[in-house]
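Colleague: Please choose a single part of this model, look at it closely, and describe it in one connected account.

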Amino acid sequence: MMYPYKGKTPKIADSAFIADYVTISGDVEIGEESSVWFNTSIRGDVAPTIIGNKVNIQDNSVLHQSPNNPLILEDEVTVGHQVVLHSCIIRKKALIGMGSIILDQAEIGEGAFIGAGSLVPQGKKIPPNTLAFGRPAKVIRELNEDDIRDMERISREYAEKGQYYKNLQNKDND
């Protein structure tokens, strides 16, 4: 379901896949070949939400903001199942593990990996190309080549799956 809010209507690229039972409202932009999976809620009714290209937001995630604090996901970000993102910045090619919570004004560096179930507190900065894990999240180590390959694989596979499902939607609408 798409809802306008106070004159702001979601802007979704034609090539993006939006699964069934997703709710998107207000000041939200979603880029090319991105995918938003089943039962996710993205509300842009407090501040803007800007989602780049080839981003995947997996099932049951919740994206929202605080006043004057947009939520920004740069290109090729992976957001695992049941993640909560609130007025934070997720830099290019970062991966947010399942069940994690990223709070206001936190910033996840380019290519960083947030381990499943982590809590990144308000204002925390996670450096690029690191693994952070825990509640609160702490940097554990630098990423290695295997980590980076696995993150790239996940991103690529979700982009491919999104386009597969998008093609099915288009056939159903013909």
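Modeller: I have chosen the second largest pocket, whose lining consists of Q58, T78, G80, H81, L95, I96, G97, M98, F113, A116, I154 and Y158. A pocket here is an open set of points on a 1 Å grid over the protein atoms alone, with a 1.4 Å probe fitting at each and protein on both sides within 12 Å along at least five of seven lines, and lining residues have an atom within 4 Å of a point. The model is predicted, so local features need pLDDT of at least 70 and side-chain atom pairs 80 or more, whereas totals for chains, interfaces and linings use all residues. Residues are numbered from 1 along each chain as its sequence is written, and side-chain values use heavy atoms, without hydrogens or water.

Strand 13 (95-96) and helix 1 are the elements that give two or more residues to this lining, helices being DSSP runs (H or I) of at least four residues and strands (E) of at least two. The second largest pocket holds about 160 Å³ of space, a volume being what is filled by probe spheres set on the grid points. By class, seven of its lining residues are nonpolar, five are polar and none is charged, with Gly counted as polar and only Asp, Glu, Lys and Arg as charged.

The largest pocket, with a volume of about 270 Å³, has 16 lining residues, of which E76, K93, I148, M151 and E152 are the closest to its centre. Helix 1 (residues 145-173) supplies six residues, the largest share of that lining. Seven charged residues stand there beside five nonpolar and four polar ones.

Returning to the second largest pocket, its lining residues T78 and Y158 are also among the residues that N56 touches, together with S35, W37, V77, V79 and S155, when residues up to four places away in sequence are not counted; contact means heavy atoms within 4.5 Å. N56 belongs to strand 7 (residues 56-57), and it counts as buried because its relative accessibility is 1%, where buried means under 20% and exposed over 50%, with a 1.4 Å probe and protein chains only. Its side chain also makes a polar contact with the side chain of T78 at 3.0 Å, that is, a pair of N or O atoms within 3.5 Å of which one can donate a hydrogen and the other accept it.
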